[in-house]
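Q: I'd like a close look at a single part of this protein, with the surroundings filled in as we go. Here is the entry I have open.

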Amino acid sequence: MAVAGCPDYFLHHPNYQDNVERAANHRQADLIGPSFQQSTNRNSPSHQEDDVDLEALVNDMNSSFESLYTSVQTESTPLLLNGQPHRPAACHTHAQATSPHQRLQRSQPMHILAVRRLQEEEQQYRTSSLPAIPNPFPELCSPASSPTLSSGSLPQCQPSGKYIIKIFSEDGMGKVVEIPADMTARDLCQFLVYKNHCVDDNSWALVEHHPALGLERCLEDHELVVQVQTSMTSESKFLFRKNYAKYEFFKNPLNFFPEQMVAWCQEANGTIPPSQLLQNFLNSSSCPEIQGYLYVKEMGRKSWKKLYVFLRRSGLYFSTKGTSKEPRHLQLLADLDDSNVFTVITGRKLHNAPTDFEFCIKPNKVRNEVKELRMLCAEDEQSRTCWMTAFRLFKYGILLYQNYKIPQQRKTLLSHFSAPVRSVSENSLVAMDFSGRIGRVIDNPVEAQSAAMEEGHAWRKRSQRMNILGSPSPLHPSSLSGVIHRTQLWFHGRISREESHKMIHQQGRVDGMFLLRDSQSNPKAFVLTLCHHQKIKHFQILPCEEDGQMFLSLDDGATKFTDLIQLVEFYTLNRGVLPCKLKHPCTTVAL
């Protein structure tokens, strides 16, 4: 027997025929099983002989494969044999009449439709064989739904695990913390307050800072920190600082929303109460509108245009024809849903802004592309604050009010447990005189007031006696009263006027925010920097002398104080010559 493709010296080898027979037997047993072996042996001349007819073996294998796929083959798609339509009846006779080289056939290709059907049947069998998972909450199912959970109805896994976040303070120092994926900005601030032993006055905030773009914004309390970090670049970072103005518009809405900028107030001739104004912003069914002139930077250019702009729930629009509100004259500037509003901290230098009151609407998908930012510029600080606050209210709505009420509810809940138990109230306290052997109650109010003044003079005399015995004057650098103010959080040493403006602006321009610093013009004086009606004012604190003792005064000696701590405590309780009381100290905390 000659085999095509084999050299003659292989065919005449003495062991070649045995190897061919043995290999054929093994291949026959592995591929077609015992039943196929029996049919093959019956077709051979004598199954007792050692020789194996390879040509008959190949033909029988082809016929077996044809019978296997006949059940899944349709009449419209006949099985192709070597690229030609297959005719089972004539194929076997034709193979016997040809030469040995022509009788050899290659392995037959499987039909693609047959393979697909076999895979689909196998997948259906696997799916049907899976046991039904009982629903642990059948009462949540609708009447038409099944009380069992299929494989497609299982809930998707929420992102979990721990993430590494780096937080920076205003002095540039950073701290690495490990947080879960579902931690909000409020929870992270509470964690940092607890770790750094800060005063928890519900005014701490997490700030998203982009130094390359010169942008920053305060994260809302309900935002997920890990989700915000995914949209930040490697240069961006989180800052931990105070922000007193985060919910100040709920307390004084008229200071944040001037009547000339709210279209609803203009229609009602300015007779809208503050509570109804806020309800109109928080109610999703209402349609408030902020309007006014803004400088808008053209996309991809350095030029600015002054346009009349409208801010609505659907987006930010500008009018192409004066102050017209007709839909045909309005064009969309920015969308609110997939964007956030940022304060621009380098507007004049980086973008050549016409004023210092610049802000920006940044889409969430934008990272470092300055061309994709919508740069805006207002006339003054109050206008910029109005636009940015309205943007937050239109985007988040009632969520902001819930974030504002949560700390108050927590404070009310804790007050029931932390209130000290007293046998008498504060109003039942009386003045006492302990000058004699036994104490007595002072019933006369005039006598009680004179006793208090006498006690104050006695304390001052004791301090003077300490100075006479060798202690230096209060304004001497080594004196305690001259340096004790440097330990206070509201004192910031030798910073410039511009730096004080920047610090107050970063922590929110609210009434009563203040800080104290050294005077740059007078080395013996100090400066009180105070914010009132979103304007920053400076008051000089000068030393004055009385009876050989040095004091500090803010009103040319009318009210005197021994140190700055007494001065701050007095103006915290009394307005005096200031436009408002001292309420919120501007502080910085090192992490």
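How many bridges join strand β7 to strand β8, and in which sense do the two strands run?

A: One thing up front: this is a predicted model. Strands β7 (residues 204-210) and β8 (residues 215-218) are joined by four bridges, and they run antiparallel. If you want a register to hang on to, take Glu208, whose bridge partner in β8 is Arg217.

Now zoom out to the sheet. β7 and β8 sit side by side in an open sheet of 12 strands, ordered β6-β5-β9-β7-β8-β14-β15-β16-β10-β11-β12-β13. The pairing across that sheet is mixed. Its edges are β6 (174-180) and β13 (330-334), each of which pairs on one side only. Going from one strand to the next, the twist averages 40°.

Start at the β6 edge. There, β5 (residues 162-168) pairs with β6 in the antiparallel sense, over seven bridges. Phe168 in β5 stands opposite Gly174 in β6. The two strands make a hairpin with five residues between them, and in that hairpin Gly172 takes a positive phi near 95°.

Keep going along the chain and you get to helix α7 (residues 185-195). Its buried residues are Ala185, Arg186, Leu188, Cys189, Leu192 and Val193. Looking down the axis of α7, these fall within an arc of 160°, so they line one face of the helix. The spacing follows a general rule: an α-helix has 3.6 residues a turn, so residues three or four places apart point the same way.

Val193 is a good one to click on. With 7% relative accessibility it is buried, because the cut-off for that label is under 20%. Setting aside neighbours within four places in sequence, Val193 is in contact with Cys198, Asp200, Trp204 and Phe240. Of these, Trp204 falls in the residue range of β7, and Phe240 in that of β9 (237-242). That ties the helix to two strands that are neighbours in the sheet order. Val193 also has a partner from far along the chain to compare with: Val589 is 396 residues away in sequence, yet the C-alpha to C-alpha separation is 9.9 Å. Just after α7, His197 takes a positive phi of about 60°.

On the other side of β8 in the chain, look at the loop between α8 (225-229) and β9, where Thr233 lies. Thr233 has 18% relative accessibility, so it too counts as buried, given the under 20% cut-off. Its side chain makes a polar contact of 3.0 Å with the side chain of Ser236. Leaving out neighbours within four places in sequence, Thr233 is in contact with Arg367 and Asn368.

Further along the sheet, helix α13 (residues 381-396) lies across β10, β11, β12, β14 and β15. Its axis runs at about 160° to β14, and β14 is the strand that follows β8 in the sheet order.

For the whole-protein backdrop, there are 18 helices and 24 strands. Of the 591 residues, 38% count as buried. Among contacts between residues at least 6 apart in sequence, 54% join residues at least 24 apart. The protein exposes about 36300 Å², with carbon and sulfur atoms supplying 54% of that area.

Note on methods. Residues are numbered from 1 along each chain as its sequence is written. This is a predicted model: local features need pLDDT of at least 70, side-chain atom pairs count only at pLDDT 80 or more; totals for chains, interfaces and linings use all residues. Side-chain values use heavy atoms; hydrogens and water are left out. Two strands pair if DSSP finds at least two bridges between them. Axes are lines fitted to C-alpha atoms, for helices over the stretch in contact, and angles run from 0 to 180 degrees between N-to-C directions. Contact means heavy atoms within 4.5 Å. Buried means under 20% relative accessible area, exposed over 50%, partly exposed in between (1.4 Å probe, protein chains only). A polar contact is a pair of N or O atoms within 3.5 Å; within protein, one must be able to donate a hydrogen and the other to accept it, and residues adjacent in sequence count only if both atoms are side-chain atoms. Accessible areas come from the Shrake-Rupley method with a 1.4 Å probe; for residues, only the protein chains shown count as cover. The arc is that of the directions from the helix axis to the C-beta atoms.
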